[in-house]
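Please open the model in your viewer and keep the sequence panel beside it. The tour goes from one selection to the next, with a short account of what is found at each stop.

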Amino acid sequence: MFSISSMILMGAIMLASWLVSSRLKSKFEHYSKLTLQNGMSGQEIAEKMLADHGIRDVKVISVAGQLTDHYNPADKTINLSEAVFNQRNAAAAAVAAHECGHAVQHATAYSWLTMRSNLVPIVNIASSYMQWILIGGILMLNTFPQLLLIGIVIFAATTLFSIVTLPVEYDASNRALAWLENKRMLTQQEQAGAKDALKWAARTYVVAALGSIATLLYYVSIYLNRR
């Protein structure tokens, strides 16, 4: 089932994912040492950005773990990891403002965010059964090829989610950086650090989307070449 070309492609994507993730980690560690001259914590940055955009129904809370930062449109909460919530550095400011960018998207009915939110229930269900359907589809390829086709359709939904995520994440970062700059929240050095950190964070989503597309095409090729 695994051709040499597909193995090389998958290996390249896995390597790219590891390199980007490692680079992202080192960037955030570096900019975590760049203390903000304004002395504001990630929580304070987030609350000010929300206030400046007239958003008063979103709560900023702290959650356990690392890289657990996210915006939850269901209960309108900005969830910041403990480090981002409490710390006062360029990395924390970048992450806090980025998550607020999603809240602004929600408040303004940003179309790509709406599309991604609509896909979440489908992706959640698909993730529970997709792997087993694909495995079963490959094992039963000669007797029941329709099962693999079902798996491909389900996997396509998760791939679409990865693709839709890209404009959502890039737009949130652009909103964050624009606000940080327009309100002069950061020094020039701090602003450059925040921009660099968010750039590498966005690249993780690019690699994930490319990996999902490549995997989808691999399963499609198996189905088309089954005979």
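What volume does the second largest pocket have? The answer is about 170 Å³, and, as with every value on this tour, the number comes from a predicted model.

**Stop 1: the second largest pocket**

Select Y71, P73, H102, L113, R116, S117, V120, F161, T165 and Y205, which together line this pocket. Colour helix α5, residues 111-139, and you will have marked the element that provides the largest share of this lining, namely four residues. Helix α6 joins α5 in supplying at least two residues each. Sorted by class, the lining has six nonpolar, three polar and one charged residues.

**Stop 2: the whole chain**

Now zoom out and show the chain as a cartoon, where you can find seven helices and three strands. If you follow the chain along the sequence, these elements come in the pattern α-α-β-β-β-α-α-α-α-α. The C-alpha trace spans about 65 × 35 × 30 Å along its principal axes.

**Stop 3: the largest pocket**

Which residues lie nearest the centre of the largest pocket? Select F28, Q66, L67, D69 and V95, which hold that place among the 32 residues of the lining. The space in this pocket comes to about 830 Å³. Next, colour α1 (4-31), β2 (70-72), α3 (82-86), α4, α6 and α7 (188-224), since each of these elements supplies at least two residues of the lining. Helix α4 gives the most, with six residues. By class, the lining of the largest pocket divides into 13 nonpolar, twelve polar and seven charged residues.

**Stop 4: α4 against α6**

Two packed helices are described by the angle between their axes and the distance between the axes. Keep α4 (residues 90-107) and α6 (residues 145-182) in view and hide the rest, and you will see two helices that pack at an angle of about 115 degrees, with their axes 7 Å apart. That angle makes α4 roughly perpendicular to α6, and the crossing of the two is right-handed. To look at the contact itself, show the side chains of A93, A97, H98, G101, H102, V104 and Q105 on α4, and then those of V168, E169, D171, A172, S173, R175, A176 and L180 on α6. This contact has seven nonpolar, five polar and three charged residues.

**Stop 5: α2 against α6**

Leave α6 on screen, and exchange α4 for helix α2, residues 42-52, which packs on α6 at an angle of about 90 degrees with the axes 11 Å apart. The two helices α2 and α6 are therefore roughly perpendicular to each other. Select I45, K48, M49 and D52 in α2, which meet R175, A176, W179 and L180 in α6. Here the contact residues divide into five nonpolar, no polar and three charged.

**Stop 6: α6 against α7**

Finally, add α7 to α6: are these two helices roughly parallel or antiparallel? Their axes come within 9 Å and cross at roughly 165 degrees, and because an angle over 145 degrees counts as roughly antiparallel, α6 and α7 are roughly antiparallel to each other. If you turn the view to look through one helix at the other, you can follow how α6 passes α7 in a left-handed crossing. The contact of α6 with α7 has 24 nonpolar, eight polar and four charged residues.

Definitions and conventions: Residues are numbered from 1 along each chain as its sequence is written. This is a predicted model: local features need pLDDT of at least 70, side-chain atom pairs count only at pLDDT 80 or more; totals for chains, interfaces and linings use all residues. Side-chain values use heavy atoms; hydrogens and water are left out. Axes are lines fitted to C-alpha atoms, for helices over the stretch in contact, and angles run from 0 to 180 degrees between N-to-C directions. Angles under 35 degrees count as roughly parallel, over 145 as roughly antiparallel, 65 to 115 as roughly perpendicular and the rest as oblique. A crossing is left-handed if the near helix is turned anticlockwise from the far one by less than a right angle, and right-handed if clockwise. Contact means heavy atoms within 4.5 Å. Ala, Val, Leu, Ile, Met, Phe, Trp, Tyr, Cys and Pro count as nonpolar, Asp, Glu, Lys and Arg as charged, and the others, Gly among them, as polar. On a 1 Å grid over the protein atoms alone, a cavity is a set of points where a 1.4 Å probe fits but cannot get out, and a pocket is an open set with protein on both sides within 12 Å along at least five of seven lines; lining residues have an atom within 4 Å of a point. Grid points are joined across faces, edges and corners, and a volume is the space filled by probe spheres set on the points.
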